[in-house]
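Biologist: Could you walk me through this one? I'm new to reading structures, so plain words please.

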Amino acid sequence: MWLLARSASPEELISTVTSAALRLTSAMRAVDEALETGADATAAQANAQMASATVDKQLQELKLILIGDAEKDHDEGRGARVAAAAIVQPEFAVMLVSCLHLLPLETRKNAAHVFTNLARRSDGAAFAANVANNTIILSSLIDAYKDDKADLALICGMMLRETARHEIVAKSLLEAPYFWRFFTDFVRLKSFEVASDAFELLKALLVGHCSLAAAFIEANYETFVLHYNQLLQSENYVTCRESLRLLGELLLERANFSTMMKYISDPENLKVLMSLLRSKKARIQIEAFHVFKANFLCVFVANPRKPDAINSILFKNKDKLVAYLRNFHNDRDDDQFAEEKALVIDTLVGLAKPETQYSCLH
């Protein structure tokens, strides 16, 4: 059997993994049912072990073909055949991902190496299309975040980020109903590693395909801002800091110009930023200043056509803002930072009283 497995064709390897993964999931269902009913699960457990061993052995062979190891280089000719077979047999990706949680850790890693290599290849777009067009694949990978189990979630996160390099996968993830859970749940998980991984995927979706993400944000502006401002006000230091950094990137992206103008013209968003400027965490203060300075200076401070509500809030708070900014990180040895701060202060000092008055920031 070992010799047959070693000499199997790439197409046979893909087929064998697919069928063995199906047997594994079926056998584990039988085990669960037997345990629930008190029946003998011995035969089902044996079937699951054999199927798992087959998946493991064939994935090792696929990884050797596609990636190689310390002793042997990858085989590009056979690798191209593996990739082609994985494309014409879309059930391969479905079954591989469906049984991922049932596999030992090292086998999971091999599965992820094979999966990401197929997505990364020159013909990876076709494999990515298979992934995007089958909701089971993406939802199964996302489920690993829901369970908050680091060993599985980090592997699934890697698989998601690699396939999300393809716009068709990114679009499917953005439009999926579970996308908003990145904001409400996944980046707030107790496991720091898993939460950070989820944030990296969220960042990849929002900045990795600028035009796609810009259109999505604009079409879902109210919901997006609601969720994003909640991240900015998170009590979790890392979540708040990284969200500020990402906001700065998003608002500076040319494709997001219309969203940026809408966002920075809303007094509620101004209040959020001004509150973060006064954070007890120095790094958050700095990140908030960069966002305020880079994206808000033109509208909140220097734009003669700024909304009355913005002008009113700035005018009512200008004395406090100026006093605060004059003592804001004076210990920083950064000439550019000092110049930018001076520009903000000088423009605030020169603000004229608006005709319409709005409530000030508390």
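Modeller: Sure. Let's settle one word before anything else: a residue is buried if its relative accessible area is under 20%. And keep in mind that this is a predicted model.

Biologist: Okay, which residues of helix 13 (residues 210–219) are buried?

Modeller: Here's a handy bit of background: an α-helix has 3.6 residues a turn, so residues three or four places apart point the same way. In helix 13, the residues under the 20% cut-off are L212, A213, A214, F216 and I217.

Biologist: And what covers the buried residues of helix 13?

Modeller: Look for contacts, meaning heavy atoms within 4.5 Å. The cover includes helix 10 (167–175), helix 12 (192–207), helix 14 (221–232) and helix 16 (257–264).

Biologist: C210 is in that stretch too, so is C210 buried or partly exposed?

Modeller: Buried needs a value under 20%, and exposed needs one over 50%. C210 has 27% relative accessibility, so it counts as partly exposed.

Biologist: What about C240, buried or exposed?

Modeller: Try the cut-off of 20% again. The relative accessible area of C240 is 3%, so C240 is buried.

Biologist: How many disulfides does the count come to?

Modeller: For a disulfide, two cysteine sulfur atoms have to be within 2.5 Å. With that rule, the count is zero.

Biologist: Let's move to helix 7 (residues 124–133). How many of its 10 residues are buried?

Modeller: Helix 7 is mostly covered. Its buried residues are G124, F127, A128, A129, N130, V131 and A132. What covers them includes helix 4 (76–88), helix 5 (91–98), helix 6 (105–120), helix 8, helix 9 (150–163) and helix 10. The number of buried residues in helix 7 is seven.

Biologist: Now zoom out: how many helices and strands does the chain have?

Modeller: You can check this by following the ribbon from end to end. The chain has zero strands, and its helices number 20.

Biologist: Is the chain more spread out or less spread out than a compact globule?

Modeller: For 362 residues the globule rule gives 21 Å. The radius of gyration of the chain is 26 Å, well over that, so the chain is more spread out.

Biologist: What does the C-alpha trace span along its principal axes?

Modeller: Half of the picture is how much is tucked away: buried residues make up 50% of the 362 residues. For the span, the C-alpha trace gives about 85 × 50 × 40 Å.

Biologist: Rings next. How many aromatic pairs are there?

Modeller: Two rings pair if their centres lie within 6.5 Å. Going by that rule, the count is 17.

Biologist: What kind of pair do Y145 and F182 make?

Modeller: The ring centres of Y145 and F182 are 6.1 Å apart. Planes over 60 degrees apart count as edge-to-face. Here the planes of Y145 and F182 sit at 70 degrees, so the pair is edge-to-face.

Biologist: How many residues apart in sequence are the parts that this pair ties together?

Modeller: Y145 is in helix 8 (residues 135–147), while F182 is in helix 11 (residues 181–184). Both Y145 and F182 are buried. The pair therefore ties together parts whose separation in sequence is 37 residues.

Biologist: What kind of pair do F179 and F183 form?

Modeller: F179 and F183 are both buried. Their rings are 5.7 Å apart centre to centre, with 75 degrees between the planes, and the pair is edge-to-face.

Biologist: Which residues do ring pairs link into a cluster?

Modeller: You've met some of them already, including Y145 and F182. The whole cluster is Y145, F179, W180, F182, F183, F186, F216, F224 and Y228.

Biologist: Which residue has its charged end over the ring of F337?

Modeller: There's also K262, which lies over the face of Y221 at 4.6 Å from the ring centre. For F337, the charged end sits 4.8 Å from the ring centre and belongs to R332.

Biologist: One last spot: what is the phi of H329?

Modeller: H329 lies in the loop between helix 19 (308–326) and helix 20 (335–349). With a relative accessible area of 16%, H329 is buried. Most residues other than glycine have a negative phi. H329 is not a glycine, yet its phi is positive, at about 50 degrees.

Key. Residues numbered from 1 in each chain as written. Predicted model: local features only at pLDDT ≥ 70, side-chain atom pairs only at ≥ 80, totals over all residues. Heavy atoms only, no water. Phe/Tyr/Trp six-rings, centres within 6.5 Å; stacked < 30°, edge-to-face > 60°. Helix = DSSP H or I, 4+ residues; strand = E, 2+ residues; numbered from the N terminus. Buried < 20%, exposed > 50% of the residue type's maximum accessible area, 1.4 Å probe, protein only. Lys NZ or Arg CZ within 6 Å of the ring centre and 35° of its normal. Rg over C-alpha atoms; globule rule 2.2 N^0.38 Å.
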